[in-house]
Amino acid sequence: MSTPTPPETADEAPVLLRREGRAAYVVLNRPRAINALTHEMVRLISDALTQWADDDGVRTVVLTGAGERGLCAGGDIVAMWRDAKDGGTATAAFWADEYRLNLQVAQYPKPYVAVMDGLVLGGGIGLSAHAGHRVVTERSSLGMPETGIGFLPDVGGTFLLSHAPGETGTHLALTAGSAGAGDAIAMGLADHYLPSERIDALLTALAHRDADEVLADLTEPAPGSALLAARPWLDEAYAGADALEIVGRLRALGSAEAVRAADAIEAKCPTSVQVTLRALREAAAMNSLGPALDAEYRIARRLHARHDFVEGVRAQVVDKDRDPRWQPAHLSEVDDAEVEACFAGLGGDELGLGPGGLGAV
């Protein structure tokens with residue numbers, strides 16, 4: 001992986017910050033948890049980016065992850081689960097700062113190079129896929145698996161996936177699927193393909209040379225994209241704003257790939273699937289990230305308070321029985337009014353990252 005580290009200890013910082021030449025390096029440093037994000041990590045990264053933005057000695061910022069498994073497996077989902085069970089507010093505070101950081105990354109005034117080696121999920125997407133320079137390797141696996149835990153693709157995921165070619169992003173979101181290097185670049189989640197054996201050379205060169213020049217020298221043409229090749233049937237099946245109709249069209253197509261997609265969607269949280277589909281359709285009409293993050297914050301707050309989030313995390317992450325008991329259990333039973341309620345405004349609790357918002361970066 002991109003940044004080897006010694007064994008984790010309780011005293012180690014969860015984010016390592018260093019300078020070399022004219023580059024500043026952010027290393028996510030919780031390798032045993034595949035660098036899952038905590039609130040402390042979000043604050044450390046945001047503070048460092050703010051400082052480096054005004055430092056003339058820093059030309060490039062580089063993001064990597066410690067360990068051998070991936071850049072980042074997302075947010076600390078077990079902490080969110082405990083908070084949800086307790087009816088707490090810690091998760092809402094975490095999301096508010098995390099989404100601000102996502103926008104900070106997207107608007108960063110200097111080259112920001114994200115090395116998306118290995119597993120990159122959820123919150124890891126938010127730290128990397130909004131960057132100006134996004135690098136994937138043959139080991140990369142990018143995903144937004146949130147419909148499988150009673151949630152939605154957040155951290156700007158609805159914006160990214162809704163702006164992917166055709167319905168490829170809808171397919172990835174509703175099935176909670178994953179994308180390798182070729183698919184990630186084709187979908188607009190990454191820019192450059194780099195064999196993992198060249199990561200060390202990349203990190204060294206970025207300390208002394210411009211990012212564009214280094215990437216041009218070290219990267220290779222992207223692998224092919226199976227998702228782009230599947231667009232004819234994906235675009236046909238995933239059209240519209242009703243998940244039940246989408247499943248019906250997938251089954252009518254009858255191919256093994258389409259039936260597997262239908263099965264995957266029907267195994268996910270029904271309310272989350274319908275909420276995610278609507279969020280994608282609304283984000284597709286947005287031309288900037290801020291409004292999408294505002295909408296995701298409203299939805300995230302509502303979904304975090306539902307039975308399905310607690311049950312989904314229990315089944316997938318805590319007990320790992322892979323047998324969530326969704327309420328309701330089927331797409332046909334999802335209440336339109338409950339979906340609508342997830343999108344309602346938060347009053348004085350709005351995040352306000354869109355144009356003119358009080359929380360805008």
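This report describes the overall build of one predicted protein chain and then a few of its residues.

**Basis of the model**

Because the model is predicted, local features need pLDDT of at least 70 and side-chain atom pairs count only at pLDDT 80 or more, while totals for chains, interfaces and linings use all residues. Residues are numbered from 1 along each chain as its sequence is written, and side-chain values use heavy atoms, with hydrogens and water left out.

The pLDDT is the predictor's confidence in each residue, from 0 to 100. Its average over the chain is 95, and 95% of the residues score at least 70. Over residues 1–10, however, pLDDT stays under 50. Where pLDDT is low, the predicted coordinates should not be read in detail.

**The chain as a whole**

The chain holds 17 helices and 10 strands; these are DSSP runs numbered from the N terminus, with helices (H or I) of at least four residues and strands (E) of at least two. Its radius of gyration is 20 Å, close to the 21 Å from the globule rule for 361 residues, so the chain is as compact as a globular protein of that length. That radius is taken over C-alpha atoms, and the rule is 2.2 Å times the number of residues to the power 0.38. Along the principal axes, the C-alpha trace spans about 60 × 45 × 40 Å.

Of the 361 residues, 56% count as buried, a term for under 20% relative accessible area, against over 50% for exposed and in between for partly exposed (1.4 Å probe, protein chains only). Contact means heavy atoms within 4.5 Å. Among contacts between residues at least 6 apart in sequence, 73% join residues at least 24 apart.

**Selected residues**

Leu127 belongs to helix H4 (residues 123–128). With 2% relative accessibility, Leu127 counts as buried. Beyond its neighbours within four places in sequence, Leu127 has contacts that include Leu28, Ile45, Asn102 and Tyr112.

Two residues other than glycine have a positive phi, as the table shows.

| Residue | Phi | Loop between | Relative accessibility |
|---|---|---|---|
| Val155 | about 50° | strand S8 (141–143) and helix H5 (157–162) | 0%, buried |
| Ala176 | near 55° | helix H6 (168–175) and strand S9 (178–179) | 19%, buried |

Another backbone feature is the cis peptide bond that joins Gln327 and Pro328, with omega about 0°. Pro328 is placed in the loop between helix H16 (307–318) and helix H17 (336–342).
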